[in-house]
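Please open the structure in your viewer and keep the selection tool at hand. The tour below proceeds stop by stop, stating what to select and what is found there.

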Amino acid sequence: MATNIVKNPELVKESSYINGQFVSSDSGRKFAVKNPATEEVLAEVSDCGVAEANRAVDAAVEAFKSFKKTTPRSRSKLLRRWYELMMENAETLAQLISLENGKPLAEAKGEVNYSASFLEWFSEEAPRIGGQTTQTSAPANRLYTLKQPVGPVAILTPWNFPSAMITRKAAAALAAGCTIVAKPAAETPLSCLALAHLAEQAGFPKGVFNVVTTDKSLKDVGKLLCEHPKIKKVSFTGSTAVGKLLMGQSASTMKKLSFELGGNAPFIVFDDADLDLAVDGAIACKFRHTGQTCICANRIFVHKKIYDEFAKRLVEKVKKFKLGPGMDSSTTHGPLIHARAAQKVDSHVKDAVSKNAKVLAGGTPATDLGASFYNITVLSGVTKDMLCMNEETFGPLAALVKFSDEQEVIELANSAEVGLAGYFFSENVSRVYRVAEELEVGMVGVNTGAISDPAMPFGGVKESGFGREGASMGTDEYTVVKAVTVAVKSN
């Protein structure tokens with residue numbers, strides 16, 4: 001069990017957190033949380049349903065009555081203390097991420113720092129949430145606006161960043177004065193429950209931050225949170241298909257939404273690029289968390305003049321990687337989240353090879369390590385009719401596509417129905433501005449494969465969703481604007 005492995009066993013919780021208490025499911029039912037590298041059962045977590053979710057909503061509604069009246073500075077101090085507790089327990093939090101998610105421990109430590117940075121960032125943003133005073137066309141009137149918390153919110157998060165996806169949403173909501181019902185992914189609930197424990201220690205009042213863990217009732221709980229009239233906002237990160245479903249369920253109450261959905265990121269290397277920088281950027285962008293990030297490069301376009309050399313240098317570096325369990329210090333890349341994810345990567349590789357793509361590295365499941373492992377793969381000769389060009393692989397497959405000119409590659413990059421992130425490498429200043437503006441994505445990395453930061457407004461366009469997380473815009477998603485017009489009598 002995880003309590004025998006982590007530094008601070010007090011952070012390992014196996015129950016939902018509702019109204020300031022860790023509680024079991026009404027039915028007593030539990031679900032197993034497993035290490036994807038070994039299939040070892042880490043914990044048996046409460047498998048809650050609609051009744052428990054309703055109680056979590058009731059707790060958030062009741063807590064909102066007082067929490068919305070707290071001062072921004074007091075909320076700032078709570079968030080700051082939560083941040084400090086995260087940093088004090090960084091080792092245990094990283095161990096939990098590595099164990100339940102599979103990513104290497106070094107990468108998990110990076111996620112803890114990234115996750116905590118949102119608490120720090122929004123602790124500083126909280127006191128700066130304010131409205132405006134505006135001169136109206138009527139001389140006798142004065143107009144000012146207020147930004148007020150939208151109300152109790154639901155946050156629905158995925159498994160690939162089990163800590164950072166919680167804090168990126170929760171920190172902004174709490175800074176604005178909202179209360180929360182969080183539903184973490186069934187694959188990775190331990191990180192969220194550990195954060196709930198630390199939030200309690202930080203001093204957040206009961207009912208302000210609630211966590212409902214569920215597996216069998218996943219769809220029912222999600223539907224309840226979307227349709228509940230007292231939940232005033234839903235923030236979701238996940239697939240476009242599920243986002244469309246949740247959007248439909250939320251329509252009856254006209255609640256506020258922000259969705260960060262699927263991606264199919266283009267990564268473009270122009271012939272004037274710094275090649276070493278581009279190769280390193282591709283590795284950082286494509287193979288982070290073994291390719292299981294929503295903003296990782298999915299389609300790698302390389303100019304024909306440098307295509308062969310880029311492929312050669314990329315393969316040389318890829319062959320130095322070491323697959324293994326996340327907690328093994330020699331591991332550079334861990335397993336995929338489960339065997340189905342590995343099977344999807346394999347289906348994309350087989351489809352591409354059947355259409356004349358060439359395997360330069362990998363290309364096979366790493367079954368000697370376990371069902372969830374897949375060898376880091378590089379394919380050349382990839383064309384637009386292949387699955388890996390049209391679907392998000394979400395795995396360790398670098399698909400290299402040759403192009404000839406700028407307009408051609410822009411059209412290829414923008415052909416996807418989604419538009420979350422995009423990347424390109426060029427030393428031409430005019431091209432930098434031109435291409436950055438033409439890419440149909442919400443976020444662009446220029447000469448870098450690493451763009452995530454709490455200061456960046458994170459989000460996409462087209463079918464990658466709407467709304468922004470992080471930056472000064474992050475709190476806007478959890479506030480509503482009220483306009484107040486005051487008539488002033490003359491003397």
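A charge sits over a ring if NZ of Lys or CZ of Arg is within 6 Å of the ring centre and within 35 degrees of the ring normal. Please keep in mind throughout that this is a predicted model.

**Stop 1: two charges over rings**

Select R168 and F458. R168 lies over the face of F458, at 3.9 Å from the ring centre. Next, select K13 and F22. Here K13 is placed over the face of F22, and the distance from the ring centre is 5.2 Å.

**Stop 2: the largest cavity**

Rolling a probe the size of a water molecule over the atoms shows where empty space is left. How many cavities of 30 Å³ or more does the structure hold? There are four of them. The largest cavity contains about 70 Å³ of space.

To display its lining, select Y114, N160, F161, M165, R168, R288, T293, C294, I295, S452 and F458. R168 and F458, the pair from the previous stop, are thus among the residues that line the largest cavity. By type, the lining consists of six nonpolar, three polar and two charged residues.

Now colour domain 1 (2-261 + 464-482) and domain 2 (266-454) separately. Where does the largest cavity lie with respect to these domains? Both domain 1 and domain 2 give residues to its lining, so the largest cavity lies between them.

**Stop 3: the largest pocket**

The largest pocket holds about 1,200 Å³ of space. Its lining comprises 43 residues, and those closest to the centre of the pocket are W159, F236, G238, S239 and V242; select these five to find the place. Then show the elements that each give two or more residues to the lining: helix 7 (218-227), strand 10 (233-237), helix 8 (240-250) and helix 11 (339-354). Which element gives the most to the lining of the largest pocket? Helix 8 does, with five residues.

The lining of the largest pocket divides into 17 nonpolar, 15 polar and eleven charged residues. With the domain colours still shown, note that domain 1 and domain 2 each supply at least three residues to this lining.

**Stop 4: aromatic pairs**

A pair of aromatic rings is described by the distance of the centres and the angle of the planes. In the whole structure, a search finds twelve aromatic pairs.

Keep F236 selected and add F259. These two rings form an edge-to-face pair, with 5.9 Å from centre to centre and 85° between the planes. The pair links distant parts of the chain, since F236 belongs to strand 10 and F259 to strand 11 (residues 256-260), 23 residues apart. Are these two residues buried or exposed? A residue counts as buried under 20% relative accessible area. F236 has a value of 8% and is therefore buried; F259, at 2%, is buried as well.

Select F267 and Y423 next. Their rings form a tilted pair, 6.0 Å from centre to centre and with 35° between the planes. This pair also links distant parts of the chain: F267 is in strand 12 (residues 265-269), Y423 is in strand 18 (residues 421-425), and 156 residues separate them. Both F267 and Y423 are buried.

Finally at this stop, select W82, F204 and F209, which ring pairs link into a cluster.

**Stop 5: contacts across the sequence**

Select A176, which is found in helix 5 (residues 164-176), together with T475. The two residues are 299 residues apart along the chain, yet their C-alpha atoms are separated by 5.9 Å. A176 has a relative accessibility of 5% and therefore counts as buried.

Move on to P72, in helix 2 (residues 72-88), and add S123. These two residues are 51 residues apart along the chain, and 8.9 Å separates their C-alpha atoms. P72, with a relative accessible area of 30%, is partly exposed.

**Stop 6: two positive phi angles**

Select N19, in the loop between strand 1 (16-18) and strand 2 (21-23). Its phi is positive, about 55°, although N19 is not a glycine. At 32% relative accessibility, N19 counts as partly exposed.

The last selection is K462, in strand 20 (residues 461-462). K462, also a residue other than glycine, has a positive phi near 55°. Its relative accessibility is 36%, so K462 counts as partly exposed.

Notes: Residues numbered from 1 in each chain as written. Predicted model: local features only at pLDDT ≥ 70, side-chain atom pairs only at ≥ 80, totals over all residues. Heavy atoms only, no water. 1 Å grid on protein atoms, 1.4 Å probe; cavity = no way out; pocket = protein on both sides within 12 Å on 5 of 7 lines; lining within 4 Å. Points joined across faces, edges and corners; volume = space filled by probe spheres on them. Nonpolar A, V, L, I, M, F, W, Y, C, P; charged D, E, K, R; others polar. Domains from an automatic or database assignment. Helix = DSSP H or I, 4+ residues; strand = E, 2+ residues; numbered from the N terminus. Phe/Tyr/Trp six-rings, centres within 6.5 Å; stacked < 30°, edge-to-face > 60°. Buried < 20%, exposed > 50% of the residue type's maximum accessible area, 1.4 Å probe, protein only.
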